[in-house]
Amino acid sequence: RVSCVRCALRDVDHHKPTTTPPGSREMDVDILISGHTHKNEVNEYEGKWFINPGSITGAYSALETDVVPSFILLAVQGNKVVTYVYELKGDQVNVSKSEYTKKA
């Protein structure tokens with residue numbers, strides 16, 4: 001199960017994903033996609049996946065001084081999801097890949 005929210009998924013110290021983003025427990029999702037920080041992240045925490053695609057334009061963020069233009073593609077097949085993170089650094093497009101498999 002996948003859902004989206006518009007809020008930062010970081011705790012106050014910005015060290016780890018928060019365990020209680022608004023409505024996440026009630027939604028009972030495996031993957032929660034957020035925004036708001038303009039910084040891309042893909043984190044697994046307590047058996048859940050937290051994804052922030054960042055900012056495709058590299059728009060200003062009050063939370064980050066070095067915003068990198070980015071977006072994320074999700075490839076979903078059954079209980080497996082693969083993310084492809086695209087980042088524009090200078091004239092180079094960097095692509096990284098992460099996989100998440102829902103435990104039975």
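Let us start with two aromatic residues: Trp49 is buried, and Tyr100 is buried as well. Keep in mind while you look around that this is a predicted model. The two residues make a good entry point, for they also meet each other. The ring centres of Trp49 and Tyr100 lie 5.2 Å apart and their planes stand at 20°, so the two rings count as stacked. Because Trp49 belongs to strand β4 and Tyr100 to strand β7, this pair ties together parts that are 51 residues apart in sequence. To see what these two strands belong to, we can take the sheets one by one.

The sheet that holds Trp49 has 4 strands, it is open, and its order is β1-β2-β4-β3. Its pairing is mixed. At the edges you find β1 (2-4) and β3 (41-45), each of which pairs on one side only. From one strand to the next, the twist averages 20°.

Walk across this sheet from β1. Strand β1 runs parallel to strand β2 (residues 31-33), and 3 bridges connect them. In this pairing, Cys4 faces Ile33 of β2. Next, β2 pairs with β4, again in the parallel sense and over 3 bridges. Here we return to our starting residue, as Trp49 in β4 stands opposite Ile31. Then the direction changes: β3 and β4 are antiparallel, with 5 bridges between them. One of the facing pairs is Glu41 with Asn52 in β4. How many residues lie between β3 and β4 in their hairpin? There are 2 residues between these strands, and Glu46, in the turn, has a positive phi of about 50°.

Is strand β4 largely enclosed or largely open? Of the 5 residues in strand β4 (residues 48-52), 4 are buried, so the strand is largely enclosed by the rest of the structure.

Now follow Tyr100 into its own sheet. This open sheet has 3 strands in the order β5-β6-β7, and they pair in the antiparallel sense. The edges are formed by β5 (70-77) and β7 (92-101), each pairing on one side only. On average, neighbouring strands here are turned by 15° against each other, direction ignored. Strand β6 (residues 80-89) and β7 run antiparallel and are joined by 10 bridges. Among the facing residues, Tyr86 has Val95 in β7 as its bridge partner.

Tyr86 also leads us back to the aromatic rings. The structure contains 2 aromatic pairs. One of them is the Trp49 and Tyr100 pair, stacked with centres 5.2 Å apart. What about Phe71 and Tyr86: how far apart are the centres of their rings? Those centres are 4.7 Å apart and the planes are at 5°, so this pair is stacked. Since Phe71 sits in strand β5 and Tyr86 in strand β6, the pair ties together parts that are 15 residues apart in sequence. Phe71 has a relative accessibility of 33%, so it counts as partly exposed. Tyr86, at 24% relative accessibility, counts as partly exposed too.

Charged side chains add another set of links. The count comes to 4 salt bridges. In one of them, the side chains of Asp30 and Lys102 meet at 3.4 Å, N to O. This pair links distant parts of the chain, 72 residues apart: Asp30 is in the loop between α1 (24-27) and β2, while Lys102 is in the segment after β7. Which of the two partners is buried, and which is partly exposed? Asp30 is buried, because its relative accessible area is 11%, and Lys102 is partly exposed, with a relative accessible area of 38%.

Another salt bridge takes us back to β6 and β7. Glu99 and Lys80 meet through their side chains at 3.3 Å, N to O. They too link distant parts of the chain, with Glu99 in strand β7 and Lys80 in strand β6, 19 residues apart. Glu99 is partly exposed at a relative accessible area of 42%, and Lys80 is partly exposed at 33%. Glu99 has a further partner, since its side chain also forms a salt bridge with Lys97 (3.6 Å, N to O). Through these shared partners, Lys80, Lys97 and Glu99 are joined into one network.

Methods. Residues numbered from 1 in each chain as written. Predicted model: local features only at pLDDT ≥ 70, side-chain atom pairs only at ≥ 80, totals over all residues. Heavy atoms only, no water. Pairing = 2+ DSSP bridges. Axes fitted to C-alpha atoms, helices over the stretch in contact; angles between N-to-C directions. Buried < 20%, exposed > 50% of the residue type's maximum accessible area, 1.4 Å probe, protein only. Phe/Tyr/Trp six-rings, centres within 6.5 Å; stacked < 30°, edge-to-face > 60°.
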